[in-house]
Amino acid sequence: MILHYMTNRRRVDSGEVVLMDVGAECSGYATDVTRTVPANGKFSKRQREIYDIVLGAQRAAIAAIKPGVRMRGDPNGLYEIAMQYINTHGKDLHGDPLGKYFTHGLGHHVGLDVHDPQEDIPLRPGMVITIEPGIYIPEENLGVRIEDTLLVTGDGSKNLSGALPHEASEIEKLVGK
């Protein structure tokens, strides 16, 4: 299990998940969205558990978006909110919290580059960011990430990629066709 698969030398087997990190550009601005899908159309019990934890962490961070909040580095920062959720909603095979498997940042600013340079400044209305928590457990060969693009508004956010499926059941329905 690695964060970004680059080799492309083997078939994806039934029972595995596929993490798709897809980028797009429009009018000179670039962003990406990520979804994780079961290769055979159905999440295993453990895959579903981890998927639901990642989705819960994403929802907790999105609910906290508003002007003045920081992406990270503050007790009320979005990264810290997601980490708290992950650490309190599941365990690894050894009974330890899952936070140690949240091995990358929570998101990034959107701009002229997919990963636009990020200053440590409070969010302001009009900024566009991604929220993309992920849990990567190498010993279980399991990685799940869910990423959406959000516009910071005057009192919260608007999910610009919200029309894409989020719920595990929605993913299974689409992949199982």
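Which residues is arginine 35 in contact with, leaving aside its neighbours within four places in sequence? The first legend below takes up this question, and every view is drawn from a predicted model.

**View A. The surroundings of arginine 35 in strand 2.** Arginine 35 is found in strand 2, which covers residues 29–38, and with a relative accessible area of 8% this arginine counts as buried, since the cut-off for a buried residue is under 20%. Leaving aside its neighbours within four places in sequence, arginine 35 is in contact with Val18, Leu19, Met20, Arg145, Ile146, Glu147, Asp148, Ser161, Leu164, Pro165, His166 and Ile171. For one of these residues, glutamate 147, the backbone oxygen lies 2.8 Å from a polar atom of the side chain of arginine 35.

**View B. The largest nonpolar core.** This core holds 36 residues, of which Ile50, Leu78 and Ile135 touch the most other members. Two or more residues are given to the core by each of helix 1 (45–63), helix 2 (78–88), strand 3 (128–131), strand 4 (134–137), strand 5 (142–145), strand 6 (148–152) and helix 3 (168–175), and the largest share, seven residues, comes from helix 1. When residues up to four places away in sequence are not counted, isoleucine 50 touches Leu98, Ile135, Ile137, Leu142 and Val144.

**View C. The open sheet of three strands, with helix 1 packed on it.** The strands of this open sheet follow the order 3-6-7 and pair in the antiparallel sense. Strand 3 and strand 7 (157–159) stand at the edges and have a single partner strand each, so that one side of each is left without a neighbour in the sheet. From one strand to the next, the twist averages 35°. The antiparallel pairing of strand 3 with strand 6 runs over four bridges, and threonine 130 stands opposite threonine 149 in strand 6. Helix 1 packs on the sheet, where it touches strand 3, strand 6 and strand 7, and the direction of helix 1 makes about 155° with that of strand 3.

**View D. The buried residues of helix 2.** Leu78, Tyr79, Ala82, Met83 and Ile86 are buried in helix 2. Seen down the axis of helix 2, its buried residues fall within an arc of 130°, and they therefore line one face of the helix. These buried residues pack against helix 1, strand 3 and strand 4. Leu78 also appears in View B, as one of the core residues that touch the most other members.

How values were computed: Residues are numbered from 1 along each chain as its sequence is written. This is a predicted model: local features need pLDDT of at least 70, side-chain atom pairs count only at pLDDT 80 or more; totals for chains, interfaces and linings use all residues. Side-chain values use heavy atoms; hydrogens and water are left out. A nonpolar core is a set of buried Ala, Val, Leu, Ile, Met, Phe, Trp, Tyr and Cys residues joined through side-chain atoms within 4.5 Å. Buried means under 20% relative accessible area, exposed over 50%, partly exposed in between (1.4 Å probe, protein chains only). Contact means heavy atoms within 4.5 Å. A polar contact is a pair of N or O atoms within 3.5 Å; within protein, one must be able to donate a hydrogen and the other to accept it, and residues adjacent in sequence count only if both atoms are side-chain atoms. Two strands pair if DSSP finds at least two bridges between them. Axes are lines fitted to C-alpha atoms, for helices over the stretch in contact, and angles run from 0 to 180 degrees between N-to-C directions. The arc is that of the directions from the helix axis to the C-beta atoms.
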